[in-house]
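Here's a quick tour of a protein model, taking in a pocket and a sheet. Have a look at the structure first, then read on.

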Amino acid sequence: MDRLFSPHIDELFRAALRDKVFSGASLIAATPGNILIHRNWGTTMKGGNPVADGTRFDLASLTKALVTAPLYAWAVGTGKLDLDWAMSRFFSSDILPADKAGITLRHLLNHCSGLPAYHPFYRELIGTPPPLRRNALLSRILRTPLLNEPGRMSCYSDLGFLLLGMILENTLGNSLEPLSSEILFAPLGIRSLHYCPMVVPTNPEELPKRSTAELLEFAATEFCPWRRRLLVGEVHDENAYCLGGVAGHAGLFGTAHGVFRLLSFLAEVHSGRNTSWPAAVLREFWTRQNAAAESTWALGYDTPSASGSSSGVYFSPRSVGHLGFSGTSFWIDPDTGIMVILLTNRIYPTRQNEKLKAFRPAVHNLVMEALHATEKH
């Protein structure tokens, strides 16, 4: 399983552990269905278990690219949704302000809706009874002023993907947790990608009642100053936490192998080797849209920037990927089939740690150089 392994890669991770870039990490480099290297380093926390193949990481914003975007690709491919349908189709005029009526699903997926990046809605939502939080959050997002007209500028937006998740739930008639399992994970036999739903109390310092977290091994994330505890198997993102751990922008947990299995399926659909989904739809989702000036975004997926990309210097411009705030990422090149999945807990024990920014491209470069050296021999 370590046909691509090199001592340079191992030393890079060991140096990162010494430098406290993270406490633990898992790496897979592969082509679809063919793992070239799968290695783990470090521990789940200080004094914790060694990171193993079954260690679950908080995937944070990889949720956008591994749940929300694929569910939209499936829904578009089956005719249940159209990328150019506007929000006026999904929300009545009594709750939808006129400036947002023309925002389309394409705008939201491409991060050019005009919505801002983030707002700490959790500060108000936590005092709202749990059954009312979803509608309270929807109302607040819809009332949030736009930064600019839809389609004009790019702004990576959690708010947009919160809306996308709610639209999916309303359209398909179920929560994102069962939808992701029934449509994405279960048909592929993937058990190591999942949400961690929980009953969230109105007092954030009270431990939530969790259904799955006690049964699984998780890499710890931040000691949350708001919840006043170390988060283990509990979603880090505060807005997702208030929704019970299930949202369109965050909430997914999983292993590197689980991410590999799903990406392999999507890559096979994209190439036409798997015809269970229309290839044309996924190809559109993986194509840079160029809707807004200087945007690198496709539909739910990013593409490499001309310089300073987290993908390093070897992935082709047609590659797609995504980053997660907790220290997770993937990049996949549809031209070659090469994918690199990097899962870390760089926000343990605090988010005040930006060392992963330089580490990510270094990993990708070493993996690609090892691959090229292997091909020469």
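Let's start with the open space. The largest pocket in this predicted model holds about 900 Å³. Its lining counts 40 residues, and those nearest the centre are Tyr156, Leu323, Gly324, Phe325 and Arg346. Three elements give two or more residues to that lining: helix H4 (122-125), strand S10 and helix H11 (356-376). Sorted by class, the lining has 16 nonpolar, 13 polar and eleven charged residues.

Strand S10 also leads us to the sheet. Which order do its strands take? Going across, you meet S2-S1-S12-S11-S10, five strands in an open sheet with antiparallel pairing. S2 (34-42) and S10 (320-324) sit at the edges, each pairing on one side only. Ignoring direction, neighbouring strands are turned by 5 degrees against each other on average. Helix H1 (residues 7-18) packs on this sheet, where it touches S1, S2 and S12, and its direction makes about 30 degrees with that of S2.

Here is how three of the strand pairs line up, with one bridge from each:

| Strand pair | Sense | Bridges | One bridge pair |
|---|---|---|---|
| S1 and S12 | antiparallel | six bridges | Ala29 and Val340 |
| S10 and S11 | antiparallel | five bridges | Val320 and Ile332 |
| S11 and S12 | antiparallel | five bridges | Phe330 and Ile341 |

As a reminder, strands of a sheet pair through backbone hydrogen bonds, either parallel or antiparallel.

Now for the turns. S10 and S11 form a hairpin with three residues between the strands, and Gly327 there takes a positive phi near 115 degrees. The hairpin of S11 and S12 has six residues between its strands, and in its turn Gly337 has a positive phi of about 80 degrees.

That leaves S11 itself, which takes part in both hairpins. Is strand S11 (residues 328-332) mostly covered or mostly open? Mostly covered: five of its five residues are buried. The cover extends to both faces, with Thr328, Phe330 and Ile332 buried on one side and Ser329 and Trp331 buried on the other. Two of these residues already appeared in the table: Ile332 is the bridge partner of Val320, while Phe330 is partnered by Ile341 in S12.

To tie the two halves together, S10 is an edge strand of the sheet and also gives residues to the lining of the largest pocket.

Definitions and conventions:
Residues are numbered from 1 along each chain as its sequence is written. This is a predicted model: local features need pLDDT of at least 70, side-chain atom pairs count only at pLDDT 80 or more; totals for chains, interfaces and linings use all residues. Side-chain values use heavy atoms; hydrogens and water are left out. Two strands pair if DSSP finds at least two bridges between them. Helices (H or I, at least four residues) and strands (E, at least two) are DSSP runs, numbered from the N terminus. Axes are lines fitted to C-alpha atoms, for helices over the stretch in contact, and angles run from 0 to 180 degrees between N-to-C directions. Contact means heavy atoms within 4.5 Å. On a 1 Å grid over the protein atoms alone, a cavity is a set of points where a 1.4 Å probe fits but cannot get out, and a pocket is an open set with protein on both sides within 12 Å along at least five of seven lines; lining residues have an atom within 4 Å of a point. Grid points are joined across faces, edges and corners, and a volume is the space filled by probe spheres set on the points. Ala, Val, Leu, Ile, Met, Phe, Trp, Tyr, Cys and Pro count as nonpolar, Asp, Glu, Lys and Arg as charged, and the others, Gly among them, as polar. Buried means under 20% relative accessible area, exposed over 50%, partly exposed in between (1.4 Å probe, protein chains only).
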